[in-house]
Amino acid sequence: MDDFDRALDAVGPRLRELRRRRRTTLAELSAATGISVSTLSRLESGARRPTLEQLLPLARAHGVTLDELVDAPETGDPRVHLRPVTQSGMTMVPLTRRAGGIQAFKMVIGPGDRRREPDPRTHEGYEWLYVLNGRLRVVLGEHDFMMVPGEAAEFDTRVPHWFGAADDEPVEFLSLFGKQGERAHLRAAPKARR
């Protein structure tokens, strides 16, 4: 058995451990990846070897790199290679790569990139914001306020909330949220408007 075979054989237990650490069911993982529950079960038990087409969405769903998922050897480079995601006029740069728990993101909203009309949403969890540059408009329930560099906010995300650039300048801020917030911000596509 060569290193390649050993690496693939070790993926199943790693997949099961990542899913259990995140307290995710096979059905939830199936919904997030598009891989059937039975295939996920066979992958975790080692009854089936994963393909690259399966590993990529699994790594994304678990919040790990492909190298971490297959336990690739260290390259000696300690830098985190960030992959920004742009959605709904907001660029989100992941600052953590930990599976489950609190995730940290640097968010950038350009002037005019996000809808000017607030469209508050809700999801389970809590969120923390810290403004780095620019002015952030926050709509939180009945409150509508501006935040400037150095200001922070913490709120229950079951309260309808929305944020965007307060003026014609970009705004940069840090955001911390759990897996429910990650699912809402990174995976939920906004409704198309006519």
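Here are a few friendly questions and answers on the predicted model above, centred on helix α2.

Residues are numbered from 1 along each chain as its sequence is written. In this predicted model, local features need pLDDT of at least 70, side-chain atom pairs count only at pLDDT 80 or more, totals for chains, interfaces and linings use all residues, and side-chain values use heavy atoms, with hydrogens and water left out.

Reader: How many helices and strands does the protein chain have?
Author: Happy to start there: helices (H or I, at least four residues) and strands (E, at least two) are DSSP runs, numbered from the N terminus. On that basis the protein chain comes to six helices and nine strands.

Reader: Which residues of helix α2 are buried, and where do they lie on the helix?
Author: Buried means under 20% relative accessible area, with a 1.4 Å probe and protein chains only. In α2, residues 26-33, the buried ones are L26, L29, S30 and T33. An α-helix has 3.6 residues a turn, so residues three or four places apart point the same way. Seen down the axis of α2, the buried residues fall within an arc of 105 degrees (taken from the directions from the helix axis to the C-beta atoms), so they line one face of the helix.

Reader: What is the arrangement of α2 and α3?
Author: Axes are lines fitted to C-alpha atoms, for helices over the stretch in contact, and angles run from 0 to 180 degrees between N-to-C directions. α2 and α3 (residues 37-45) pack at about 110 degrees, with axes 9 Å apart. Angles of 65 to 115 degrees count as roughly perpendicular, and the two helices α2 and α3 are therefore roughly perpendicular.

Conventions:
Buried < 20%, exposed > 50% of the residue type's maximum accessible area, 1.4 Å probe, protein only. Parallel < 35°, antiparallel > 145°, perpendicular 65-115°, else oblique.
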